[in-house]
Every structure is written in C-alpha cells, then in structure tokens.
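Student: Please show me the chain, and then we can work through it by question and answer.

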Amino acid sequence: MVDRDRDWEFHLRSLSASARDSNFSADPASDHNLLPSVRKLYELCKSEESEDLVTRVYPQINKIFQRLVSSVSQSRTSNGLIFLAILQFFLDFGEIVLHDADPSLRTFFRSCLSREFADPVVAKATLDFLNVNKKKILTSFSTLLPQFFPLLLKLIAWNGEKLEKSFLKVFPGLISPGSFLPLFPSLVDLPILVVALEKVERSTGPLIGSSIASIQKSTAPEMLFALMDEAYTGSTIGDGGGDSESEDSNAIDVADPVFFDILKDENDGLAERHWTSPGMAAALQAAINTPQSDRLKQALNMTPRILDLYFAIALRDVHNSLICALLPLIMTRNATIFPDKIFSYEVRKRLLEFMLAAFQRSPDFIALLKKPIMDRLAEAYDSAAKTELALQLCWAIGEHGGGGASHKDQARELFESLELLLYENLSSSRLGLRQESALSSEGANFRKSSQSRLLCFVVTAIAKLATYHRELLPRARVSLAKVARSRMSDARVWKRAHDYLGLMNEPAICLSVLGPSHGQMQNPGTVNWSEGGKKMIAHIPFYILGEQEGVHPSMIFRSQISSREEDESGL
C-alpha cells in the first residue's frame with residue numbers, strides 16, 4: 001500500500017511538472033517521463049476504481065493534452081502514443097469527470113494521426129486502440145470512423161499487410177450511410193493512393209511529421225501561376241516543359257485536384273475522379289513504366305480482400321437505396337481500374353459478382369437502373385472490360401425479367417436495347433471493338449470468340465425477356481428469326497436462336513426453361529425439371545436434342561440455354 005501511494009504521488013508530481021514546466025512548453029512530448037506517468041496513473045485509477053483519484057488526475061491529464069495539441073505542428077518528437085494514452089483515460093473516465101471525448105478524438109485524428117500515420121508504431125497502436133474501444137466508439141461516437149476513413153486508408157496503404165488483420169477488424173466501423181458510397185472508389189483506388197503517397201515522400205521527404213494539407217497550401221501559388229500562364233500563353237498545366245526526362249516526369253502532378261482528393265484525410269462526400277486528368281494519367285503512366293514497390297504490391301494484394309468485406313457488409317447491413325445507388329458507380333468503375341493484370345481481374349470479378357448478387361436480391365433494381373444499364377450496353381464493344389460487363393447485364397436482364405412483371409415499360413426499353421445490340425452485330429461483319437488496325441490472327445480469333453459469347457447472352461436475354469413479358473413475343477420471334485437465318489455470325493449463335501424459336505411454339509416447356517428461376521408459380525402444363533428423373537414427360541420437341549441421344553431433355557435444355565454455363569465454358 002505504501003509503495004503504491006509512493007508511486008501515485010511520484011507520477012502525479014511528474015505529470016504536474018510536465019504540465020507547467022517551461023522547458024517542455026514548446027514540445028511536451030520530448031519529456032521521456034510523460035508517457036510512463038500517464039500510463040501508470042491510468043492503471044492506478046483503473047485498479048483502484050476511485051472517483052477521487054480520477055478527479056485529481058484529470059486536470060493534469062487534460063492540461064497535457066491541450067499543450068500537446070498546441071505544439072504538435074512544431075514537435076520533432078512522436079506524439080501519437082501519448083495522445084492515445086490520454087484518449088484511453090478520457091474514454092474510460094469521461095463520465096466521472098464530465099469530459100466529452102468526441103472533440104478530443106477528432107483532434108487526435110486531425111492534429112496527430114494526419115502527421116504520424118506513416119509511423120509503424122503509431123499506426124499499430126492506433127488500430128489496437130480502435131479495436132479495444134470498438135464497441136464504445138461505434139455506440140457513442142458512431143460518426144468518427146466514417147468521417148476519417150480516408151486517413152485510415154492512408155494508414156493501411158502505407159503500412160501494408162502487417163496491419164491488415166487489425167484493420168479488417170476496424171473496417172466495419174468505417175461504413176455508415178454517409179460514407180458507404182464515397183468509400184467504394186477509395187477502396188478501388190487504394191493502389192493509386194500508394195503511388196500518390198510515394199510521390200509525396202520523394203518530393204517532400206519522409207511523411208512522418210508532415211501534413212498533406214501543408215503541401216496543398218504551399219502549391220497554391222504554383223497552381224495560380226500555372227493557370228495564368230495557360231490563360232496568357234495557351235500552354236496547359238500538364239505541359240511540363242524543361243527537363244522532360246527527369247525521374248519524376250511521369251509522376252503525379254501535385255497541382256492536380258485529383259491528387260488532393262486521393263490524399264484527403266476526411267470524408268467530404270462522393271467526388272468524381274476524372275481518370276483523364278493530367279495527374280491521374282501521369283500516375284497511371286508512372287505505375288506502368290516503373291517497377292512496383294513492395295508497398296504497392298501489398299496494396300494490390302490487400303484491396304480485393306478489403307472489397308470482399310465491404311461487399312459482404314453491404315449485402316448484410318446496408319439499405320437497398322444505397323446499394324441501388326452503388327451499382328451505377330460499379331458499372332462506371334469497372335472499366336477504370338489500376339492497370340495491373342491480376343489486380344484488375346480480381347477486382348472486376350468481385351464487382352460483377354456483387355452486382356449480380358444485388359440484382360438477385362432485388363430484381364427491381366434492373367428497372368430502376370434502366371438508363372445506366374442501357375448506357376453500358378451501348379458501350380459493349382469499347383473494351384474487353386465493358387464487353388464483360390455488358391454480358392453480365394444481359395444475363396441479369398433475362399434472368400430477372402427486366403425487373404419483374406410490374407415493370408413492363410422498363411422491360412420493353414431494355415428489350416429494345418438488346419435488339420439494337422443484336423442488329424448492330426448482324427449488320428456488320430467486323431467485330432466492332434474500335435481497335436481493328438493490324439490485328440494478329442490470334443487477336444482476331446479472340447475477339448470473334450468474345451463477340452460470339454456476347455451474342456449468345458443477348459439472344460438468350462431476348463428469349464427469356466419475351467417469355468417473361470408475353471407482349472414482347474412477336475418482336476422476339478422476328479429478332480431470333482433474323483439471327484437464325486443469318487450465317488454471318490458464329491454457328492453456335494444462330495443455332496441457339498433456332499432452338500429458342502422452336503421452344504416458343506411449346507409455351508409450357510418454354511416457360512419452364514426460359515422463365516424465371518425463382519419465385520415462379522407452377523402453371524398447369526409447366527414442366528417441373530426437378531422431378532424429371534421420376535416422371536415421364538410427353539410432347540417434348542425432340543429436335544432440341546440434336547444428336548445427343550440418351551441424354552435426359554432437362555440436361556440438354558439447361559446446358560444449352562443457361563448462359564451462366566456458357567460463361568464457364570468460355571464461349
């Protein structure tokens with residue numbers, strides 16, 4: 001007991017001295033006794049459970065905190081661990097001393113973490129602090145993490161995979177109605193964030209102790225002069241005269257607004273990121289032309305895993321209105337992803353899987369998002385990524401009946417877009433990817449295969465949509481008949497169209513095979529394929545079997561008609 005009282009008095013005197021000692025007025029963190037004293041006093045208050053001890057310590061702790069805040073911009077010593085120790089005291093004993101920890105937490109993010117996120121010790125301690133206090137922060141300060149998610153993304157982008165597990169535990173707290181949409185492009189652009197941070201380090205020195213905001217202020221005059229130069233001489237900001245062969249000639253331009261949007265510390269809403277801007281174009285070019293750093297490689301590995309968690313939370317917890325608003329962003333960003341082959345494949349795979357899962361859960365999204373879907377179909381041949389997106393959208397339109405039976409007008413407009421896409425192919429023998437010059441035979445074969453695969457999906461979507469909305473059947477018959485008579489396309493395409501025309505003459509079987517796969521009422525005469533192995537089915541159009549004798553009809557229908565299996569077969 002005597003030793004404990006002696007320790008208590010010693011650390012309290014040490015804290016009081018630090019709070020008033022002029023030797024440390026400019027930089028309290030330079031006092032090496034300060035952190036041990038704060039931690040020891042916290043432990044004593046915690047173990048004793050004495051409100052009297054807490055009220056005696058609080059004034060000195062609060063005074064130290066205020067001095068740290070006022071001196072952080074001039075400090076040459078790391079303040080992060082002291083800030084976190086004091087914040088832990090505020091969180092645990094705030095109710096006793098009537099201290100609202102919310103302003104203190106926000107001050108830590110703005111004043112300290114924005115300067116020390118690159119310090120691995122502070123970064124780890126911050127994530128540990130957030131995990132230990134996760135429940136209290138999410139209940140009492142629910143807007144804190146969503147507001148500062150850009151800063152936490154900078155922390156994980158710079159410190160890499162060694163902190164990934166701790167970050168993923170904190171990550172659900174970053175998602176709120178106000179941050180859900182802005183968080184998505186920030187996650188997809190995590191590798192771009194690494195490129196930007198590395199540029200700042202090369203340009204201004206170590207990131208520890210410096211604030212990106214100060215860089216923005218320092219470059220404001222240069223931006224003004226550049227704009228004046230452009231107005232009077234006609235040269236552009238991105239011209240970059242002089243030493244064009246310098247090391248940073250392809251690096252991101254610090255005067256570009258996209259640069260500051262990527263490096264911001266706080267969530268200020270959903271901002272459009274122009275990938276054609278000089279800064280973004282320079283960053284991508286630099287990433288392509290230079291070897292990837294270890295930090296960038298780790299970001300490329302982490303991003304798909306973080307997206308997995310983001311999408312899982314979205315499907316489980318997020319309101320349908322936000323998911324519906326996210327889908328157009330996904331369609332837009334599908335074609336603008338960091339140019340790394342494996343990374344772009346992994347990210348696009350997750351984007352498309354989430355999009356289809358959202359349509360599966362809420363088919364009416366297809367009708368609500370008719371305009372962006374039609375826009376994406378119109379871009380089907382702009383690039384391979386856009387072709388794949390259009391292919392998946394065609395499948396969703398057919399599978400979910402254009403949004404359902406109550407959306408007949410939207411289904412008709414989607415049907416017209418599918419018709420247009422089909423007729424554009426029938427009227428042209430070229431592939432139409434707008435990059436036709438000097439194609440090798442291998443490239444031409446690949447593109448022809450891609451076109452055939454897309455057309456199979458389009459033909460199937462037309463047939464399924466007309467089966468769902470019977471008023472579209474006459475137009476569907478005309479479209480499919482044109483494909484069936486055409487020999488310009490792949491044989492698999494016109495054979496499929498021919499088979500669908502035959503199916504449409506057998507309404508019961510057509511509804512069973514091409515109708516919706518879920519939520520369907522069993523109409524009289526409709527075939528239930530799940531019972532195909534138990535019951536005899538008569539009046540089957542055997543021409544569909546082709547030359548595949550001995551195979552059950554249900555297997556043939558599903559293998560020939562399911563466009564999802566065509567996706568797996570690589571058509």
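The turns below go from the whole chain to single helices.

Tutor: This is a predicted model, in which local features need pLDDT of at least 70, side-chain atom pairs count only at pLDDT 80 or more, and totals for chains, interfaces and linings use all residues. Residues are numbered from 1 along each chain as its sequence is written, and side-chain values use heavy atoms, with hydrogens and water left out.

Student: How many helices and strands are in the chain?

Tutor: Helices (H or I, at least four residues) and strands (E, at least two) are DSSP runs, numbered from the N terminus. By that count the chain has 28 helices and zero strands.

Student: What share of the 571 residues counts as buried?

Tutor: Buried means under 20% relative accessible area, with a 1.4 Å probe and protein chains only. Of the chain's 571 residues, the buried share is 52%.

Student: Which residues does phenylalanine 109 touch, leaving out those up to four places away in sequence?

Tutor: A contact means heavy atoms within 4.5 Å. With the sequence neighbours left out, the residues touched by phenylalanine 109 are Ser114, Leu130, Leu144, Leu145, Phe148, Leu151 and Leu152.

Student: What span should helix H24 have?

Tutor: The expected span is 1.5 Å times one less than the number of residues. H24 covers residues 473-485, which is 13 residues, and its end C-alpha atoms lie at a separation that agrees with the expected 18 Å.

Student: Which residues of H25 are buried?

Tutor: H25 runs over residues 491-503. Its buried residues are Val493, Trp494, Arg496, Ala497, Asp499, Tyr500, Leu501, Gly502 and Leu503.

How values were computed
Buried < 20%, exposed > 50% of the residue type's maximum accessible area, 1.4 Å probe, protein only.
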